[in-house]
Amino acid sequence: MSSLIHKRWFQTLVAAILVSLLILLLNKIQFFFDPILIYIGAIAVPLIGGGILFYLSRPVLELLESYRLPRIASIVVIFLLYILLGFIIVQFIAPIAQEQFSKLANNFPRMVEMFGETITYWQQNQDIIPSEFDGTIQNVIDNLQSYLQDASTIIINVISELIGFVFALVLIPFFLFFMLKDGEKLTPFIAQFLNKRAAKSFKKWAHAVDSTLQSFILGQMTVSIVVGLLLLVGYLIIDLPYSLTLALFAMMMNVIPFVGPFLAVIPAALVAFFQDPILVLWVAVIMIVAQQIEGNFVSPNVMGKALNIHPLTIITLILAAGGLAGFLGLIFAIPAYAVIKTTISHLYEEWIDRQEQT
């Protein structure tokens, strides 16, 4: 019996059984975790929003403190900078973007109608289209109105979600203030309850996770802003309508790793097609140039190799996270994976160290 216990396959089987029993137990006592999940859901938006702004603000905080400015005064300066940025956006960028978006929304039905006319003309002048493909096209044309109604329903649902989201946004400045004021005290506070060896390991892990999150957030924001500016300049050069709105959309989509740039070019290509089909080619050229600049100059210098993840892994994670958690899953899948990867690497290094010491 003792020899059986030490066999690898038996240990693996026992571990699998214990994990299954743990999952079953957690499922049976789910009612116990419901209040906790509700609480987490309530603070998720301000906590995540405050965390993102914390990592964006910390370099500025460190810079100001290097000039011997007190912590509270440095935080006040950071908040004033955010207020100034908000004023610039509201005063100069938002009116133009709102006007362009309104025009685009008003022209959308006409664009759909033109799309239907184009497909109809193509059908009437192409005799080699397979009947199956022809039926598919006709089905799309017949259901355009229902697609538009579905889109309207989705928009209404999004607006209702945004109302609750806005209420949560009000709490973000409070979270940000205390994160900037006491953020570095969290790790020592937790470490004081651990023994010396565990505390050292915990501090090392916390530092690694902190570096990973900072690399991703700063890097992804920088990449998005640079790509958005490059696209804006390119769209203005080719005189593409709604250039600012399309560039802002691309900037937001580039927050999604890997697939974001492909999503960003879709509305620009559609607008270009209805303006002048040759503009689609120029939009593609501008996107390729922007991505080449970002991939060869911006990302390597901003992110380095801190998030060296294989593209196939990224695609798999995004598909899974998008199916499970929607748009938020697309955004947070990669940083969550990076944190898990960092944690596993840390545990493996700790295990190797213990093996060498014994």
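Axes are lines fitted to C-alpha atoms, for helices over the stretch in contact, and angles run from 0 to 180 degrees between N-to-C directions. With that in hand, the reader can follow three helices, α9, α10 and α11, through this predicted model.

Helix α9 covers residues 196-237, and because 42 residues at 1.5 Å a residue should span 62 Å, the separation of 61 Å between its end C-alpha atoms agrees with that expectation. At the start of α9, a side-chain oxygen of Asn195 comes to within 3.2 Å of the backbone nitrogen of Arg197. Beyond the helix, α9 is followed by Asp239, which has a positive phi, near 60°.

Next comes the packing of α9 with α10, where the angle is about 155° and the axes lie 8 Å apart. Since angles over 145 degrees count as roughly antiparallel, α9 is therefore roughly antiparallel to α10. The crossing in which α9 passes α10 is right-handed. On the α9 side the contact is made by Ser224, Ile225, Gly228, Leu231, Leu232, Tyr235 and Leu236, while α10 contributes Ser243, Leu244, Leu246, Ala247, Ala250 and Met251. Sorted by character, the residues of this contact of α9 with α10 comprise 10 nonpolar and 3 polar, with no charged residue among them.

Helix α10, residues 243-253, also packs with helix α11, residues 260-275, at an angle of about 165° and with the axes 8 Å apart. That angle makes α10 roughly antiparallel to α11, and the crossing of α10 and α11 is right-handed. Here α10 supplies Leu246, Phe249, Ala250 and Met253, and they meet Gly260, Leu263, Ala264, Pro267, Ala268 and Val271 of α11. The residues in the contact of α10 with α11 divide into 9 nonpolar and 1 polar, and no charged residue takes part.

Definitions and conventions:
Residues numbered from 1 in each chain as written. Predicted model: local features only at pLDDT ≥ 70, side-chain atom pairs only at ≥ 80, totals over all residues. Heavy atoms only, no water. Helix = DSSP H or I, 4+ residues; strand = E, 2+ residues; numbered from the N terminus. Expected span 1.5 Å × (residues − 1). Polar contact = N/O pair within 3.5 Å; in protein donor to acceptor, adjacent residues only side chain to side chain. Parallel < 35°, antiparallel > 145°, perpendicular 65-115°, else oblique. Left-handed = near helix turned anticlockwise from the far one by under 90°. Contact = heavy atoms within 4.5 Å. Nonpolar A, V, L, I, M, F, W, Y, C, P; charged D, E, K, R; others polar.
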